[in-house]
Amino acid sequence: MGIQVNISLPREVLVTIRETLKEEHNRLVSAMAENDANLEALRNAIVNSEPNQDIQRTLVDSESVYGKSYLVTLRGDDYSCSCPAFQFKTGLDMLGHCKHIERVVRERRFR
Ligand SMILES: [Zn+2]
């Protein structure tokens, strides 16, 4: 059982409170609409920036570390790999491929 307090407010004060709440409500509704529009724009940007049919990905197991694998991605004609050799451009072949990309090409994983 809480403490009950009855307060009688003058009509002008009630009108002011009601107006303030209405303004706040309208402000929140428009902020939410703006937020929805931003989310929609962001979603469209993501969807349009990466057409899935143009990107293929496959995991290639590491030869040196058991249980480790790297993600090889083919985007258009460009291969990339998540391994350190590719990231730091060390030990790549003449085409700029690391051994994981070489394996994907050799095994013809992408069509
Ligand atoms: Zn690699």
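**Domain layout, the β2–β3 hairpin and alanine 85**

The domain assignment divides the chain into domain 1 (9-49) and domain 2 (53-106). The model is predicted. The C-alpha centres of domain 1 and domain 2 are separated by 47 Å. Mean pLDDT for the chain is 88. A value of 70 or more is reached by 92% of the residues. Confidence varies along the chain: the lowest mean, 86, falls in helix α1 (residues 11-49), and the highest, 96, in helix α3 (residues 99-106).

Strands β2 and β3 were examined next. Strand β2 (residues 69-75) pairs with β3 in the antiparallel sense, through four bridges. One bridge partner of leucine 74 in β3 is tyrosine 79. The two strands, β2 and β3, make a hairpin with two residues between them. Glycine 76 sits in the turn and has a positive phi of about 65°. Strand β3 (residues 78-81) has two faces: Tyr79 and Cys81 form the covered face, whereas Asp78 and Ser80 form the uncovered one.

Alanine 85 belongs to helix α2 (residues 84-87). Alanine 85 has 16 C-beta neighbours inside 10 Å. Burial requires 20 or more and exposure 12 or fewer, so alanine 85 counts as partly exposed. Neighbours within four places in sequence aside, alanine 85 is in contact with Thr90, Gly91, Leu92 and Cys98. Leucine 9 lies elsewhere: its C-alpha is 74 Å from that of alanine 85. In sequence, alanine 85 and leucine 9 are 76 residues apart.

Note on methods:
Residues numbered from 1 in each chain as written. Predicted model: local features only at pLDDT ≥ 70, side-chain atom pairs only at ≥ 80, totals over all residues. pLDDT = per-residue confidence, 0-100. Domains from an automatic or database assignment. Contact = placed C-beta atoms within 7 Å. Pairing = 2+ DSSP bridges.
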